[in-house]
There are 2 protein chains.
Amino acid sequence: MSSIREAERLFSEFLEKKKQKLTSQRRLILRQALDHGGHYTADGLLDFCRKKDPTVSKATVYRSLALLKECHVLEEQDFGDGKKLYERAQGRKHHDHFVCVRCGKIIEFENEKIEELQSEEARKQRFQVVYHSLKLFGTCSRCS
Amino acid sequence: MSSIREAERLFSEFLEKKKQKLTSQRRLILRQALDHGGHYTADGLLDFCRKKDPTVSKATVYRSLALLKECHVLEEQDFGDGKKLYERAQGRKHHDHFVCVRCGKIIEFENEKIEELQSEEARKQRFQVVYHSLKLFGTCSRCS
DNA sequence: TCTCAATTGAGAATTATTCTCAATTGGAGA
DNA sequence: TCTCCAATTGAGAATAATTCTCAATTGAGA
């Protein structure tokens, strides 16, 4: 996958600009984050990483997640259950989410029209939007 | 304001159905929640209540907020800063939010078209939406 | 290779929210 | 109005995700 390469380049250039280092831990965490699709918690990612290197610490995973979020390799999602989820952002289009409150399933969708209406609304209020989140909670087709 | 009456009626009928009691604390918390417009935290509401009755406990405020949320007198909003905000829901239309990441200001807006497109999208995925949240984060006209 | 600022691991600290439990109370029925 | 008991309360402990602290380690430029 060349997009993992792309993400690594993005991350290392970002670190270089900030005079920060690309350590072996950061490389491992990035790899594991990209290898596992979907949505995972910081703790889940820690588990993935520890399978490759049992010495990685929780603190380092949290610190790396903050960096990967800052350079837009990952995006943080909060579905209101007290823990944050992460998903890949680099190389992907923006999308919104359905969240099944029964089984926890997350479905992604894109809707250009909704995006446009949001921008229009922002213009009306003279508001500079940096990011946004749209979540629909309910039951998926299997659960309802 | 007759809508405070309306909210009280709604709340007491809700409690009656569940064989729960309308205590003096619950009445006070409801009053304070409705008297203060805008968005407030559980802790902020506790402060309001304690000005009227210093013996009210944190636990009771949290417990009452859960009930008021359940009967749709209040709505819970999570703007991702680690604490939940509450606002009046009863007697109001659904609305979405702009959140200024610099000054913290919250602007509400309604957009019927966006709501329709969301329902359409939900139909496509055969998803039964129970509630949804749309938040636009950025800088308000004063801050940008 | 040397140097040193940046990074790390381990565990303590933080903080919003929930839980526990003995004491209190609202309100249905006598 | 009085009694009774399930529901509620206050106080503080418990929980849990995330952040912080600090001594030891490490990456990369000179």
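This tour moves from the symmetry of the two chains to one histidine and then to the aromatic rings.

The model is predicted, so local features need pLDDT of at least 70 and side-chain atom pairs count only at pLDDT 80 or more, while totals for chains, interfaces and linings use all residues. Residues are numbered from 1 along each chain as its sequence is written, chains are lettered from A, and side-chain values use heavy atoms, with hydrogens and water left out.

Begin with both chains: a turn of 180° and a shift of 0.0 Å along the axis lay chain B on chain A with an RMSD of 0.1 Å, where copies are superposed by least squares on the C-alpha atoms of residues with pLDDT of at least 70 in both. The copies are thus related as by a two-fold rotation axis. Next select Leu134(B), whose C-alpha is the one in chain B nearest the axis, 2.2 Å from it.

Now select His132(A), which is buried at a relative accessible area of 15% (buried means under 20%, exposed over 50%, partly exposed in between, with a 1.4 Å probe and protein chains only). Its side chain makes polar contacts (N or O atoms within 3.5 Å; within protein, one able to donate a hydrogen and the other to accept it, and residues adjacent in sequence counting only if both atoms are side-chain atoms) with the side chains of His94(A) at 3.0 Å and Gln118(A) at 3.1 Å.

Finish at Phe98(A), buried at 0% relative accessible area, and Phe109(A), buried at 4%. Ring pairs (centres within 6.5 Å; planes under 30 degrees apart stacked, over 60 edge-to-face, the rest tilted) link these two residues and Phe127(B) into a cluster.

Notes
Rings of Phe, Tyr and Trp (its six-membered ring) pair if their centres lie within 6.5 Å; planes under 30 degrees apart count as stacked, over 60 as edge-to-face and the rest as tilted.
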